[in-house]
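Take a moment to turn the structure around on your screen before reading on. This report walks through a few spots worth finding for yourself.

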Amino acid sequence: MPIKVALRRITETQYRHTIADVFGPEIKINARFELEKREERLLAIGSAQLSLTSSGFEQYFALASSISDQALGEKQRTASVPCRPANPNQADDACARQFIERYGELLFRRPLTESETLARLKTASMGAKQSGDFYAGLKLALTSLLVAPEFLFRVETAEPDPANRWQYRLDAYTKAARVSFLLWDSAPDHELLAAARSGAIHTEAGLKQQITRLTSSPHFEDGVRAFFMDMVQLDGFENLVKDPSIYPKFNQKVAESAREQTLKTVIDLLVHKKRDYREIFISNETFINRPLASVYRVPFASAFSSSSSGDWIPYSFPQSSERSGILTEVSFLSLFAHPGSSSPTRRGIKVHEIFMCEPTPDPPANVDFSRVQATNKGTIRSRLLDHMNNPGCSGCHRRTDPPGLALEHFDGLGEMRTMENGSKIDVSADLYGAKFEGAQGLGKFLHDDPRVPACLVSNVYAYGVGRKPDYQDEDYLSDQTKAFAGNGYRLPDLMMQIASSSQFFKVAVPGAVKRASSTSSSASSSTLSSTQAASTTPLQKMRRSLK
Amino acid sequence: MSFPFSRRSFLRGMLNGAAVCVALPVINQFLDGKGTAFADGTKLPVRFGTYFWGLGLTDTPTGGTRWVPSKTGFGYEIMPELESLKSVKDKVSVFSGFRAIGDGRPNLVHWSGHASILSGVAPGQTGRFDAPSFDSVIADAIGTSTRFKVLDIDASTSRQPVSYSTREGVTFATPETTPLALYQRLFGAGFQDPNSDNWKPDPSIMLRQSVLSAIKDQREVLMAASGKDDRVKLDQYFTSVREMENQLAIQLQKPEHCEACVVPTAPKETPRAATVDAVRANARALAKLLAMGLACNQTRVFNFVHTAGVSETYLAGESKIYHQITHDEPTDAKLGYQPETSKLAGMVMEAFGDFLMELDSVKEGAGTVLDNSLIMAFSDTGYAKIHSIENIPMFLAGRAGGRHKSGQHIHTTGESVTRVSLTAQHLVGAPVGEFGSGSMKTARPLTEVIA
């Protein structure tokens with residue numbers, strides 16, 4: 001009997017990519033998506049824990065109607081519907097069935113069951129009869145597919161493993177979806193679904209063939225972009241605000257451009273040029289556009305002689321700019337700062353968290369910061385010294401602050417400076433006994449630190465499987481990290497390597513699976529147990545009552 | 001005591017046939033024994049909302065209080081940080097000395113305080129509640145007859161939009177953050193003017209209902225063979241589907257006439273800004289729309305966030321944000337408090353004053369929307385400098401249709417914040433006997449403020 005092992009809400013980009021792939025890129029998606037939530041550094045892990053609120057459902061419902069109206073509008077319907085109704089003013093079950101089965105499979109990422117099809121056929125037929133329009137009925141059926149939990153959540157399913165009857169394996173369609181969402185940030189296409197249908201995806205050769213096909217496609221860029229957006233936490237840009245009286249150059253165009261710059265840089269280096277992952281910390285190769293040129297103080301008359309404002313041109317940071325690597329781009333520098341100042345602590349925490357997978361605990365609740373004082377005197381280093389010397393704070397601040405202090409030649413927007421309040425800014429840093437100087441020194445430090453590639457490997461895996469790696473994954477991750485080094489730290493190779501490993505499809509049976517055919521819950525082993533405190537909370541009671 | 005006619009026909013008679021869509025101030029004899037419902041069992045149509053702001057108010061260990069009045073009971077004096085409440089003071093009760101009690105669980109900074117107030121349980125993890133937020137219990141009790149069961153709003157304009165409303169402790173509501181978005185949700189597509197003379201049911205709504213029935217058919221299949229946590233998530237999902245169905249069903253009914261409802265015009269799009277002044281202006285514009293949304297009977301329950309726990313608002317030109325200032329600013333030895341922090345706290349409370357005045361400016365029956373509402377306002381901390389969860393400032397505002405004996409200052413020394421939460425639930429007629437767990441479990445509302 002198959003069991004469901006995970007329910008992962010699809011993200012905004014996965015939703016957008018799927019709709020574009022299934023109905024074409026011209027479909028407009030204008031909606032407020034449910035908030036995503038970062039857990040264990042990744043939205044991908046959070047999305048496996050989230051449900052859908054009623055206001056969220058209301059939004060998805062309106063969006064689904066709008067997509068159906070567009071996909072089945074007068075112009076689009078010839079392309080969208082694989083058949084013609086006998087009479088466009090009446091229901092036509094045969095044609096509706098073709099449509100529902102075709103799009104149902106693409107949206108649910110598996111063939112529909114007969115009862116799922118029948119439910120939509122009923123909707124289509126009733127709608128057609130009431131409105132006297134076959135397509136109006138079809139719109140309702142499509143809307144019902146688009147708001148179904150099987151579309152809005154990735155329902156991961158496992159089945160008894162034919163090779164080992166005591167174990168489960170992910171079923172073929174779940175495997176296909178894992179591969180597709182990792183590499184394309186989208187649902188499986190017809191070919192991948194066919195590989196699932198035939199069972200080819202369960203064979204080494206069949207899986208490899210699909211992975212090679214997916215990584216050679218232009219869509220692979222979408223997959224890498226989505227992964228980096230999540231890992232580097234670039235989702236924060238929609239809501240970024242800066243004090244215009246302190247950073248007059250900041251505006252929404254700058255914010256959007258900053259995010260795009262980092263993504264373009266990463267895609268170019270790691271996907272197009274297939275370079276060593278660690279070069280993202282030291283490379284001076286990037287792209288700029290007009291809005292960014294002003295922040296980087298690049299005279300755009302010369303750089304942009306023939307391009308319009310939205311255009312990007314390749315650009316190399318000169319040595320004098322002190323910039324190299326993505327940590328010195330406006331995105332990272334402005335995102336991890338305050339509205340009116342830089343924040344070495346925040347930047348340092350994020351360097352550790354994002355690139356070295358080292359979390360920083362919350363500060364103690366009763367800490368007294370009183371000695372950290374006025375911002376109108378000296379540099380921030382002198383103000384932070386108190387943290388480093390205060391025994392309650394120093395444990396973390398000695399670790400978090402140095403990378404941030406090395407980036408202090410860039411203000412809260414990311415503009416270059418060497419002085420603060422009339423004092424020269426010292427950008428020397430000392431981290432884990434390593435001494436380095438400034439942003440370029442920090443980039444070099446990260447380039448050489450073995451935690452950095454290991455962290456990327458762990459992130460790619462966690463992102464793909466939608467859960468935090470545990471101790472059982474340690475040997476696997478360590479092997480993958482060695483293989484990553486062996487491949488010259490090439491990201492496409494790493495993603496292929498992980499997607500083709502059996503560990504990527506490992507089944508973690510969730511706690512208390514309710515078997516469809518039995519009332520006993522003792523049969524399931526539990527490798528993922530919830531970490532609840534011993535006391536019984538109302539929510540636990542609620543959960544228990546749902547068992 | 002029983003009545004031979006329904007509450008509605010009673011009101012209609014009283015108003016010579018002109019029914020209003022909310023209750024007039026309630027006279028006790030019409031209530032049942034508990035005072036939570038009319039004698040015929042109909043719930044009181046009172047509105048309920050939460051109002052949250054980050055970083056508490058100033059009440060220092062050295063005794064420099066800027067918000068706790070010295071007088072208790074009616075006629076408390078206005079303290080400096082509550083200056084903005086002056087004009088609506090008689091409709092606001094102040095609660096001081098209440099605390100969140102962790103029972104050994106750590107004080108999770110900028111989280112434990114409001115998680116305790118809303119869920120009744122000290123949380124085990126930042127970002128999660130261990131029980132539903134109680135606004136959802138109230139929404140189940142009083143929010144099912146309006147188009148929106150509950151509306152979530154965040155005025156803060158910073159980082160990720162915030163709501164502290166949750167049914168299962170993990171997924172929190174996605175709030176409206178701009179006046180334009182709130183306007184479109186309330187008065188855009190799907191809005192039916194309750195005062196329109198030519199109302200007709202929209203036939204497309206029935207077709208949309210059929211979309212949802214196809215989904216509900218699959219519920220059992222999905223729930224089967226799913227893990228426990230996933231079943232909780234699916235249950236939440238299907239609750240959302242049911243609420244959408246309810247929304248559609250309501251739209252098929254002729255809306256009741258609402259004398260106070262005047263459909264507003266669409267607001268303009270505003271630039272994103274997070275200064276204290278910008279957040280205040282944003283909050284006020286949102287409050288104005290919300291007040292009319294209530295008067296037009298679009299919702300009866302809301303959650304309003306002014307700024308999140310870690311508030312990122314700031315004074316224009318000041319390089320430090322409010323949150324940093326609360327921690328960094330030294331306590332002035334002479335004054336006994338942090339002057340800059342206190343000034344900012346007062347400014348943040350100005351938005352709360354505006355909020356109440358917006359609700360009070362919409363006349364309804366013999367009173368105002370505020371008179372027919374209950375708003376529980378609170379913060380994440382008491383004294384923010386040390387992340388204290390003692391003496392978290394809490395307020396109950398609005399007369400709750402006459403149930404709230406407002407205008408009092410209630411002071412305790414270290415009682416659980418959940419007593420105020422329970423009081424709020426009683427005041428709006430939620431069927432709740434006790435609230436909270438561990439040391440915060442209580443069955444004792446603050447009866448002083450209940451009529």
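What follows goes from a whole chain to single helices, charged pairs and a few individual residues.

**Chain A as a whole**

Keep in mind that this is a predicted model. Chain A holds 24 helices and nine strands. Of its 547 residues, 58% count as buried. The accessible surface of chain A comes to about 21900 Å², and carbon and sulfur atoms account for 52% of that area. How does the chain contact itself? Among contacts in chain A between residues at least 6 apart in sequence, 68% join residues at least 24 apart.

**A helix to check with a ruler**

Helix α3 of chain A covers residues 54-71. You can test its length with simple arithmetic: at 1.5 Å a residue, its 18 residues should span 26 Å. The end C-alpha atoms turn out to be 25 Å apart, which agrees. Is this helix enclosed or open? In α3(A), 13 of the 18 residues are buried, so the helix is largely enclosed by the rest of the structure.

**Charged pairs**

Side chains of opposite charge can pair when their charged atoms come close. A search over all chains of the structure finds 64 salt bridges. Three of them are listed here, with the distance between nitrogen and oxygen.

| Salt bridge | N to O distance |
|---|---|
| R185(B) and E58(A) | 2.7 Å |
| E156(A) and R154(A) | 3.8 Å |
| K91(B) and D360(B) | 2.7 Å |

Start with R185(B) and E58(A), whose side chains form a salt bridge. R185(B) lies in helix α4 (residues 179-187) of chain B and E58(A) in helix α3 of chain A, so this pair joins two chains. R185(B) counts as buried because its relative accessibility is 8%. E58(A) is buried too, with a relative accessible area of 14%.

Next come E156(A) and R154(A), which meet in a salt bridge. Both of these residues are buried.

The third pair is K91(B) and D360(B), again joined by a salt bridge. How many residues apart are K91(B) and D360(B) along the chain? They are 269 residues apart, so to speak linking distant parts of chain B. K91(B) sits in the loop between β2 (73-74) and β3 (92-99), while D360(B) belongs to helix α10 (residues 339-360). K91(B) and D360(B) are both buried. Elsewhere in chain B, salt bridges that share partners tie R280(B), R284(B), K288(B), E350(B), D354(B) and E358(B) into one network.

**A charged residue without a salt bridge**

Now look for R300(B), in the loop between α8 (276-295) and β5 (301-305) of chain B. R300(B) is buried yet has no salt bridge. Why is there none? A salt bridge needs the nitrogen within 4 Å of a carboxyl oxygen, and the nearest side chain of opposite charge, E256(B), is 5.5 Å away. Which side chains does R300(B) meet in polar contacts? One is S145(B), at 3.2 Å, and another is N297(B), at 3.3 Å.

**Three more buried residues**

H352(A) is part of helix α17 (residues 344-356) of chain A. With a relative accessible area of 0%, H352(A) is buried. A polar atom of its side chain lies 2.5 Å from the backbone oxygen of R399(A). Not counting residues up to four places away in sequence, H352(A) touches several others, including T400(A), P403(A) and Y432(A). H352(A) and R451(A) are 99 residues apart in sequence, and their C-alpha atoms are 9.7 Å apart in space.

E408(A) is found in the loop between α19 (391-406) and β6 (419-420) of chain A. Its relative accessibility is 1%, so E408(A) counts as buried. Leaving aside neighbours within four places in sequence, its contacts include R347(A), R417(A) and E420(A).

Finally, find G382(B), in the loop between β8 (373-379) and β9 (394-397) of chain B. G382(B) has 3% relative accessibility and therefore counts as buried. P393(B) is eleven residues away along the chain, and the two C-alpha atoms are separated by 6.2 Å. Beyond four places in sequence, G382(B) touches residues that include L55(B), G56(B) and L57(B), as well as P393(B).

How values were computed
Residues numbered from 1 in each chain as written. Chains lettered and ligands numbered in written order. Predicted model: local features only at pLDDT ≥ 70, side-chain atom pairs only at ≥ 80, totals over all residues. Heavy atoms only, no water. Helix = DSSP H or I, 4+ residues; strand = E, 2+ residues; numbered from the N terminus. Buried < 20%, exposed > 50% of the residue type's maximum accessible area, 1.4 Å probe, protein only. Lys, Arg positive; Asp, Glu negative; His and termini not counted. Polar contact = N/O pair within 3.5 Å; in protein donor to acceptor, adjacent residues only side chain to side chain. Contact = heavy atoms within 4.5 Å. Areas by Shrake-Rupley, 256 points an atom, 1.4 Å probe, with all protein chains shown as cover. Expected span 1.5 Å × (residues − 1).
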